[in-house]
Amino acid sequence: MGAASVTEALIVRGLDKTFAKPAVRELDLTVHPGELYALLGPNGAGKTTTLRMVAGLTKPDKGSISIFGIDALADPAAAKAVTAWAPDEAMIYDRLTPLEYLEFVAGLWNVEPRHAKARAGELLETLGLASEARRRCEGFSRGMKQKVALAGALIHDPRLLILDEPLTGLDAASARLVKDMLQARVDAGGTVILTTHILEVAERMADRIGIIAGGRLLAEGTLDALRAHAGKTGAGQGGGDTLEDVFLQLTADGAPA
Amino acid sequence: MSLLRPGGVPWLLAHEMRLSFRALTGKRAMGGVGAMIGLAILALVMLSGGVVIGLALRKLDVPVIPLSAAIALACCATAFTLMLSQTLAAASEALYERGDLDLLFSSPIAPRTVLLVRAMGVATGVLTVFLIFVTPLLGPAVILGHPEWLGLFGVLAALALLATATGLTLAMFLFRLIGPRRTRTVAQVLAALTGAAFFLVSQVRTLMGERASESLFQSLAREAAEGRMKIPPIGYWPLKAMLGEPLPLLAMLAIGAASFTLAALSLGKRFADAAAATQGAEASAAKPAKGRDRAFAGGVFAATLAKELRLILRDASLLSQVLLRVLYLVPTAVILSRNAGHGDGGAALAGGAGVVVFLAGQVAGSLAWITLSAEESPDLLAVSPAATRSLRRAKLAAALLPVALLLAVPLGLLLWLAPVTALWTALGAGLSAWACGLINVWHQKPGKRADFKRRRGSSWFATLAEVVVSALLAVTTGLAVAGFAPWATIPLACAGLAMLALRRSDEQIAKVLRLA
């Protein structure tokens, strides 16, 4: 890795993972600091496997992962200290209250207790959960649980936030709230990587988009760059120019046989 | 299946049986094979015992007298109590375990059909458990000269039906009385206590003392022999039914079937309403804490310990199961305190100390399985920078702390009565709890908290290792208390060697967990 690459939020090179069949193949990915990167792809494309490898949950068969210059495979604890991961199924405990959950997560990331408590209050307030802070999560709706999990992901103020389908199960108001929070985070210099099946979200929010299918990155760049890329491969010949058109064109072309 | 009319009881029953069968056969191959081998060995041992019993009872003619009728009644009461503890738990769980309940209740199938089939499943399950134990023991006696004793199986079927009806009615009554929030907890505790009652009654000799219990049994036998024991005619039915007399057997089966049908059909609608009411009931159970504004725990160890203790304390099912195991300590505690108080009974003291050490290990092992293997959010821990060792230490501490608290009072009392015994017992119990906790660290097998009751999720190897090591440490403690401290080093060394053999490195643990 060259000196310039040290400043990148995430650099993935030659990532490979095979379960019963190849899930991710020779994947290269670069995410710049302070950008919102959307990773899109059809079901089973390898998005979640890729993100799980970046988060340190799945060990790649081959390749390298660098997070803010830290070799995530050689020093996972250092990489995890600056990263947060929120999957589509909220990782929470039904018998804990949101406040107790945040206390536990802050403990895992060794956040100073007084600071953690203040931050927990702020996050729950922002996410509209302040009134539920001392109620056990067992009766919460899926959307509320998602918000608690998101608060957990933000409690240690991560430099890199990785979200897998963050808007699943959220109502319109909550979805807007989360989108605004993510945008504010990016505006403040944070880096966000997310996967979503809601292409409008990626179209509106993402600085750059990566499209993955069959475990391979088919295209990457801004929406304009993707349009241009798709144009070269045949999109636009009778198709429109929305992200949906581009996505369908690219994934149809690049889908494995 | 196509021969059965869709929506009818046989059709739904066939569906339930198919699901149950697939749940049984869908287990992992290795666990299934291990369980089958274990069951086959157990069946063979029991069958051998059954043949011996059968040969011994070949010429025996059971007399229909008050004493034998009283024994038959006591056996029925015991079997019914044990069955009721299972059916009550199963009936309350049926309300909360949604599974396909929403699908069934949203279909045009009558709620009473659904309950009838569920109740049949409960009754069959309870009866099967008893048949598994009774058949190999009494089957040979039936074949070797007492075909009329087949009536016993009919009596068991009648009791299973009656216990299911009572369990269902009791669950519905509790639901009406205390609402959906508390029914599950109360039913679980009641079921556990009902089961434990049988154990405590079986320990009457221990609890009452040898002399008092012997004089009680002697006076009962004398009353029977002198013809003073009066049993009403209906009290002879169980004995006569067991001995194959058609009329009492049919009467008992009719009572069982009638109460079962009545309960299942009359409670069907209520069951549907109650099942609907349980949805979200636990949400309202979560009352907000009042005005507590304490500081956050700092660091991985403190935060994890606090989280684990909270989860243990808030799990009513887990607590009732742990308390049940503690209840089994009562007779032992009585022996210990009685003998320690009298300053005699060295052997009983040693045995009692051994039992405490063994149970401390078992409870600690169970809690360690909960905290270590039944982690609800393993990915959260995996993505955090927290060192695995810190997490494990905190989880182990969370498993050992309740054991220490449970033992504190009885050991404190014993310290006052027999200080040396108390010290050996405390040392042994601490070592046993710690060893069983460590076994669960080394041999983790991810599972769900809900599987705690039967330890279905845990590794059978770890469970066996816990039993062996805690038994060795129990023997160690017993020998030390009995004054054979040098001999105690032998089982202690064996336990140490076993622990060395069981030990796994961090890499080995991580590798196994990755494959799990």
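**Entry 1: Salt bridges**

I began with the term itself: a salt bridge is a side-chain nitrogen of Lys or Arg within 4 Å of a carboxyl oxygen of Asp or Glu. I also noted that the model is predicted. In general, side chains of opposite charge can pair when their charged atoms come close.

I looked up the total for the whole structure and recorded 25 salt bridges over all chains. I then turned to individual pairs. Glu103(A) and Arg294(B) meet through their side chains in a salt bridge, at 2.9 Å from N to O. Because Glu103(A) is in helix H3 (residues 98–108) of chain A, and Arg294(B) is in the loop between helix H12 (281–285) and helix H13 (299–313) of chain B, this pair joins two chains.

Is each partner buried or exposed? Glu103(A) has 3% relative accessibility and counts as buried. Arg294(B), at 38% relative accessibility, counts as partly exposed.

**Entry 2: Two pairs within chain A**

I next examined Glu112(A) and Arg114(A), whose side chains form a salt bridge at 4.0 Å, N to O. I found Glu112(A) partly exposed, with a relative accessible area of 41%. Arg114(A) has a relative accessible area of 69% and is exposed, because exposed means over 50%.

The other pair I looked up is Glu220(A) with Arg208(A), a salt bridge in which the closest N and O atoms are 3.9 Å apart. This pair links distant parts of the chain: Glu220(A) belongs to strand S10 (residues 216–221) of chain A and Arg208(A) to strand S9 (residues 208–213) of chain A, 12 residues apart. Glu220(A) counts as partly exposed at 32% relative accessibility. Arg208(A), with a relative accessible area of 12%, is buried.

I also recorded a network: salt bridges that share partners join Glu100(A), Glu103(A), Arg294(B), Arg310(B) and Arg314(B).

**Entry 3: Backbone angles in chain A**

I then turned to phi. Most residues other than glycine have a negative phi. Which residue of strand S2 did I check? Glu26(A) lies in that strand, residues 22–31 of chain A. Its phi is near 45 degrees, a positive value in a residue other than glycine. Glu26(A) counts as partly exposed, at 45% relative accessibility.

Phe68(A) also drew my attention, as its phi is positive, about 45 degrees, although Phe68(A) is not a glycine. I located Phe68(A) in the loop between strand S4 (62–67) and strand S5 (70–71) of chain A. Phe68(A) has a relative accessible area of 13%; this value is under 20%, so Phe68(A) is buried.

**Entry 4: The second largest cavity**

Rolling a probe the size of a water molecule over the atoms shows where empty space is left. I looked for enclosed spaces in the whole structure and noted 5 cavities of 30 Å³ or more. The second largest cavity holds about 80 Å³ of space.

I listed some of the residues that line the second largest cavity, including Ala86(A), Gln146(A), Lys147(A), Leu163(A) and Val178(A). Which element gives the largest share of this lining? It is helix H5 (residues 142–154) of chain A, with 4 residues. By class, the lining of the second largest cavity divides into 8 nonpolar, 1 polar and 1 charged.

**Entry 5: The second largest pocket**

I moved to the second largest pocket and recorded about 710 Å³ of space. Its lining has 27 residues, and those nearest the centre of the pocket are Ala72(B), Cys75(B), Leu138(B), Leu152(B) and Met242(B).

Four helices of chain B each supply at least two lining residues: H3 (66–96), H5 (111–143), H6 (151–202) and H9 (237–242). Of the lining of this pocket, H3(B) gives the most, with 9 residues. I found 25 nonpolar, 2 polar and no charged residues in the lining.

**Entry 6: A nonpolar patch on chain B**

On the surface I looked up a nonpolar patch formed by Met36(B), Leu39(B), Leu42(B), Val129(B), Ile132(B) and Phe133(B), which together have about 570 Å² of accessible area. Helix H2 (29–56) and H5 of chain B are the elements that give two or more residues to the patch. Met36(B) has its place in helix H2 of chain B, and Met36(B) is exposed, with a relative accessible area of 58%.

Finally, I checked Leu137(B), which lies in helix H5 of chain B. Leu137(B) is partly exposed, with a relative accessible area of 33%. I noted 38 Å between the C-alpha atoms of Leu137(B) and Trp434(B), which are 297 residues apart along the chain.

Technical notes: Residues numbered from 1 in each chain as written. Chains lettered and ligands numbered in written order. Predicted model: local features only at pLDDT ≥ 70, side-chain atom pairs only at ≥ 80, totals over all residues. Heavy atoms only, no water. 1 Å grid on protein atoms, 1.4 Å probe; cavity = no way out; pocket = protein on both sides within 12 Å on 5 of 7 lines; lining within 4 Å. Points joined across faces, edges and corners; volume = space filled by probe spheres on them. Nonpolar A, V, L, I, M, F, W, Y, C, P; charged D, E, K, R; others polar. Patch = residues over 30% accessible without salt bridge, like charges linked within 9 Å, V, L, I, M, F, W, Y side chains within 5 Å. Areas by Shrake-Rupley, 256 points an atom, 1.4 Å probe, with all protein chains shown as cover. Buried < 20%, exposed > 50% of the residue type's maximum accessible area, 1.4 Å probe, protein only.
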